Amino acid sequence: MCYGHQRSLSSDDLIPSRNPRSRNNNTSVVEDLRGRLAETEARLERARAREAELSRRLEEMKRFVSVMEILETYLKRRFQEQQDNIASLLSSLPAK
């Protein structure tokens with residue numbers, strides 16, 4: 001996240017003034033703050049949407065890995081059964 005070089009608020013910015021020029025300045029400060037707040041909220045919303053998408057994809061990948069682990073276990077067991085069957089067949093053949 002990067003931070004812009006924006007001036008910090010002073011107490012003059014926060015205290016209402018009777019001077020019309022100061023009121024205009026206060027209005028522009030308030031408008032600037034509202035704009036910055038809207039931008040921050042928009043960035044936050046995008047970040048939350050991205051987080052939700054990444055979480056969804058992570059859960060999908062976890063399910064995939066789980067299925068692959070089940071498949072791997074099954075294939076290892078079947079392979080061992082086949083090896084055992086072949087060994088049994090070969091041991092039952094008469095020797096020449």
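Let's start at Phe-64, which is exposed, with a relative accessible area of 53%. That label follows because anything over 50% counts as exposed. Keep in mind as you look around that this is a predicted model.

Where does Phe-64 sit? You'll find Phe-64 in helix 2, the stretch covering residues 20–92. Phe-64 also has company on the surface: together with Val-65, Val-67, Met-68, Leu-71, Tyr-74 and Leu-75, Phe-64 makes up a nonpolar patch. Taken together, the residues of that patch offer about 640 Å² of accessible area.

Now step back to the whole chain. There are two helices and zero strands here. Of the 96 residues in the chain, buried ones make up just 3%. The chain's accessible surface adds up to about 9200 Å², and carbon and sulfur atoms account for 57% of that surface.

Next, the charged side chains. How many salt bridges does the structure hold? The count is seven, and three of them are worth a walk along helix 2.

Begin with Arg-36 and Asp-32, whose side chains meet in a salt bridge at 3.5 Å, N to O. Since a nitrogen-to-oxygen distance within 4 Å is what it takes, this pair makes the cut. The two are four residues apart in helix 2, so about one helical turn separates Arg-36 from Asp-32. Are these partners tucked away or out in the open? Somewhere in between, as it turns out: Arg-36 is partly exposed, with a relative accessible area of 30%, and Asp-32 is partly exposed too, at 40%.

Move along to Glu-60 and Arg-56. Their side chains form a salt bridge as well, this time at 3.1 Å, N to O. Glu-60 and Arg-56 are both in helix 2, and their spacing of four residues is about one turn of the helix. Glu-60 has a relative accessible area of 42%, so it is partly exposed. Arg-56 comes out at 44%, which makes Arg-56 partly exposed.

The third stop is Glu-81 with Arg-77, a salt bridge of 3.7 Å, N to O. Again both residues lie in helix 2, four residues apart, or about one turn of the helix. At 32% relative accessibility, Glu-81 counts as partly exposed, and Arg-77, at 45%, counts as partly exposed as well. Salt bridges can also share partners, and that is what joins Glu-53, Arg-56 and Glu-60 into one network.

So what should you keep in view on the model? Helix 2 carries the Arg-36 and Asp-32 pair, the Glu-60 and Arg-56 pair and the Glu-81 and Arg-77 pair. Helix 2 is also home to Phe-64, a member of the nonpolar surface patch that runs through residues such as Met-68 and Tyr-74.

Methods:
Residues numbered from 1 in each chain as written. Predicted model: local features only at pLDDT ≥ 70, side-chain atom pairs only at ≥ 80, totals over all residues. Heavy atoms only, no water. Patch = residues over 30% accessible without salt bridge, like charges linked within 9 Å, V, L, I, M, F, W, Y side chains within 5 Å. Areas by Shrake-Rupley, 256 points an atom, 1.4 Å probe, with all protein chains shown as cover. Buried < 20%, exposed > 50% of the residue type's maximum accessible area, 1.4 Å probe, protein only.
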